Amino acid sequence: MQLQKEFERYGCCVIIPTYNNERTLEQVISEVLSYTRNIIIVNDGATDSTFQIIQKFKPEIDVITHK
């Protein structure tokens, strides 16, 4: 809880770059959400199920997708 307040106080966001990380991405996003809702996922053209995993968390997170 204390870290959540610090993230808000300083206006921090977490940027998570990803490329074919289907085995770990959902856990990473879930854990970061316990600290802040200010998350930007950068999907760098993943060809696995990354897109579907990201969709589970929308609209809580922002997403940038590169082809």
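**Chatting through a predicted model**

Colleague: Which side chains does Arg9 or Glu6 meet in a salt bridge?
Modeller: Each other's: Arg9 and Glu6 form a salt bridge, at 3.5 Å from N to O. Keep in mind that this is a predicted model.

Colleague: Where do Arg9 and Glu6 lie?
Modeller: Both are in helix H1, three residues apart, which is about one turn of the helix. An α-helix has 3.6 residues a turn, so residues three or four places apart point the same way.

Colleague: And is Arg9 buried or exposed?
Modeller: Arg9 counts as exposed, with 58% relative accessibility. Its partner Glu6 is partly exposed, at 25%.

Colleague: How many residues of helix H1 are buried?
Modeller: Zero of the nine, so H1, which covers residues 2–10, lies largely in the open.

Colleague: What follows H1?
Modeller: Gly11 does, and its phi is positive, near 65 degrees.

Colleague: Back to charges. How many salt bridges does a search of the whole structure find?
Modeller: Three. Besides the one between Arg9 and Glu6, there is a bridge between the side chains of Lys56 and Glu26, at 3.1 Å from N to O. Lys56 sits in the loop between helix H3 and strand E3, while Glu26 belongs to helix H2, so this pair ties together parts that are 30 residues apart in sequence.

Colleague: Is Lys56 buried or exposed?
Modeller: Exposed, with a relative accessible area of 54%. Glu26 is partly exposed, at 34%.

Colleague: What about Glu60, which side chain does it meet in a salt bridge?
Modeller: That of Arg37, at 3.2 Å from N to O. Glu60 is in the loop between H3 and E3, and Arg37 is in the loop between H2 and strand E2, so the bridge ties together parts 23 residues apart in sequence. Glu60 itself is partly exposed, with a relative accessible area of 38%.

Colleague: New topic: how many disulfides turn up in a search of the whole structure?
Modeller: Zero. Take Cys12: the nearest cysteine sulfur is that of Cys13, and it is 8.0 Å away. A disulfide needs the two sulfur atoms within 2.5 Å, and neither Cys12 nor Cys13 is in one.

Colleague: How accessible is Cys12?
Modeller: Cys12 is partly exposed, with a relative accessible area of 30%. Cys13 is partly exposed too, at 40%.

Colleague: Let's try Ile29. Is that residue buried or exposed?
Modeller: Ile29 counts as buried, at 0% relative accessibility. You will find Ile29 in helix H2.

Colleague: Which residues is Ile29 in contact with, leaving aside its neighbours within four places in sequence?
Modeller: Ile16, Ile39, Ile41, Phe57 and Ile61.

Colleague: And how many Å apart are Ile29 and Tyr19?
Modeller: They are 14 Å apart, C-alpha to C-alpha, with their positions 10 residues apart in sequence numbering.

Colleague: Last one: how many aromatic pairs does a search of the whole structure find?
Modeller: One. Phe7 and Tyr35 make up a tilted pair, with their centres 6.4 Å apart and 35 degrees between the planes. The pair links distant parts of the chain, since Phe7 is in helix H1 and Tyr35 is in the loop between H2 and E2, 28 residues apart.

Colleague: How accessible are those two, starting with Phe7?
Modeller: Phe7 is partly exposed, with a relative accessible area of 21%. The cut-off for buried is under 20%, so Phe7 does not count as buried. Tyr35 is partly exposed as well, at 39% relative accessibility.

Terms used: Residues are numbered from 1 along each chain as its sequence is written. This is a predicted model: local features need pLDDT of at least 70, side-chain atom pairs count only at pLDDT 80 or more; totals for chains, interfaces and linings use all residues. Side-chain values use heavy atoms; hydrogens and water are left out. Buried means under 20% relative accessible area, exposed over 50%, partly exposed in between (1.4 Å probe, protein chains only). Helices (H or I, at least four residues) and strands (E, at least two) are DSSP runs, numbered from the N terminus. A salt bridge is a side-chain nitrogen of Lys or Arg within 4 Å of a carboxyl oxygen of Asp or Glu. Contact means heavy atoms within 4.5 Å. Rings of Phe, Tyr and Trp (its six-membered ring) pair if their centres lie within 6.5 Å; planes under 30 degrees apart count as stacked, over 60 as edge-to-face and the rest as tilted.
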